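Here are my notes on the model, point by point. Please read them with the structure open.

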Amino acid sequence: MKTIPATVTTPKIVLDTHTNVYSFEGESYPEDVNAFFDPIMVPLKTHLKNQQDSNIQFDFFLTYFNSASTKVFFNLFSTLDEISEFNTVTVNWKHHEEDDTAEEFGQDFKEEINNVQFNFIAI
Amino acid sequence: MLLNDFRTLKEMIEAKNVIFCYNGYLSQEIIVAVSSMIKGKLSADATKMGISQKVLYMFVEQAQNITRYSPDQIQNQEEASMSYGSVAIGTEGDKFYIMCSNRVEKTKVPALREKLEALSAMSQEELKVLYKEKMRSEADEGSKGASIGFIEMARKSSEPIEFDFIENDEIFDCFTLKVVI
């Protein structure tokens, strides 16, 4: 299991490739989004694409993220959609009860994925 | 500047119900610090979370546009890069406005103007379609962000985005943008 601690502009990321449970929690607006996310997302996507008949779970609790980060997550969701053909994929999209902005982002992402169980969890 | 000049400037700013106003070199560190101030101020004012998140979003997008694209940059070996521009957040009635201004090379103005004119004329539905299209495609050439910041701002703005380009000198125009929440 790999844990990348949060910084003021990047989320806490937990990647457990054994249980296939992943989480992203916090804020995401680094100055250079690709420099931060590429080393995480490239191996993660490779791992995900090699999964078959697995239960894969993603937990998101992102309180704030910039447009460049949105694109990173959008790309991740497109991979999840791809692998959902051979796996059971669940996304838990957590947001503060009053934070309709985060909820709207979740709606945008949900529309991109067809075979993924997408749960909204208001906290 | 005379004491009186500075006071006049301050009074002008306050008359526009400005919560925050910055004119100078911006860096990522400053953006982080100001974001923290905005969260604290809006929370103290009991602003609805959905609204304060949008205000924060607009501020960060606009400020990061300046750090990425303002031509007036200082690059030091030891220090992070800094870019010159202006950002302001204030209220008009029960709405928030977020504005930014920086210089832009004249050669880049026509493409930027065309992009923004198109966005300001689009309906929410059209903006969403374009947004999804951009999300699935590669970033525009020369774009350090995801080239969707303007679209996202237009989607989150409760009124069409306002902008203009004013002659600055032979090489640069002054670009100013306003969004309302």
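How many residues of chain A are in contact with chain B, and how many of chain B with chain A?

1. The interface. This is a predicted model, so treat each point below as a reading of a prediction. In it, 17 residues of chain A are in contact with 19 residues of chain B. On the chain A side, two helices each supply at least two residues: α2 (67-83) and α3 (100-110). Helix α2(A) gives the most, with five residues.

2. Character of that side. The side of chain A that touches chain B is mixed by class: six residues are nonpolar, six are polar and five are charged.

3. The sheet of chain A. Six strands form an open sheet in chain A. The order is β1-β2-β3-β4-β5-β6, and the pairing is mixed. Which strands sit at the edges? They are β1 (2-4) and β6 (117-122) of chain A, each of which pairs on one side only. From one strand to the next, the twist averages 15 degrees.

4. One strand pair in detail. In general, strands of a sheet pair through backbone hydrogen bonds, either parallel or antiparallel. Strand β3 (residues 21-28) of chain A and strand β4 (residues 55-65) of chain A take the parallel sense, over eight bridges. To find the register, start from Glu25(A): its bridge partner in β4(A) is Phe61(A).

5. A helix on the sheet. Helix α3(A) lies across three strands of chain A: β4, β5 (88-95) and β6. Its direction is at about 160 degrees to β5(A). Helix α3 of chain A is also among the elements that supply at least two residues to the side touching chain B. One helix therefore appears in both descriptions, lying across strands of the sheet and contributing to the contact with chain B.

6. Layout of chain B. Chain B has six helices and six strands. Along the sequence they follow the pattern α-β-α-α-β-β-β-α-α-α-β-β.

7. Dimensions of chain B. How compact is chain B for its length? Its radius of gyration is 17 Å, and the globule rule gives 16 Å for 181 residues. The two values are close, so chain B is as compact as a globular protein of that length. Along the principal axes, its C-alpha atoms fill a box of roughly 50 × 40 × 35 Å.

8. Packing of chain B. Of its 181 residues, 30% count as buried. Among contacts in chain B with a separation of 6 or more, 64% come from residues 24 or more positions apart.

Key:
Residues are numbered from 1 along each chain as its sequence is written. Chains are lettered from A and ligands numbered from 1 in the order in which they are written. This is a predicted model: local features need pLDDT of at least 70, side-chain atom pairs count only at pLDDT 80 or more; totals for chains, interfaces and linings use all residues. Two residues are in contact if their C-beta atoms, placed from the backbone, lie within 7 Å. Helices (H or I, at least four residues) and strands (E, at least two) are DSSP runs, numbered from the N terminus. Ala, Val, Leu, Ile, Met, Phe, Trp, Tyr, Cys and Pro count as nonpolar, Asp, Glu, Lys and Arg as charged, and the others, Gly among them, as polar. Two strands pair if DSSP finds at least two bridges between them. Axes are lines fitted to C-alpha atoms, for helices over the stretch in contact, and angles run from 0 to 180 degrees between N-to-C directions. The radius of gyration is taken over C-alpha atoms; the globule rule is 2.2 Å times the number of residues to the power 0.38. A residue is buried if 20 or more other C-beta atoms lie within 10 Å of its own, exposed if 12 or fewer, and partly exposed in between; C-beta atoms are placed from the backbone.
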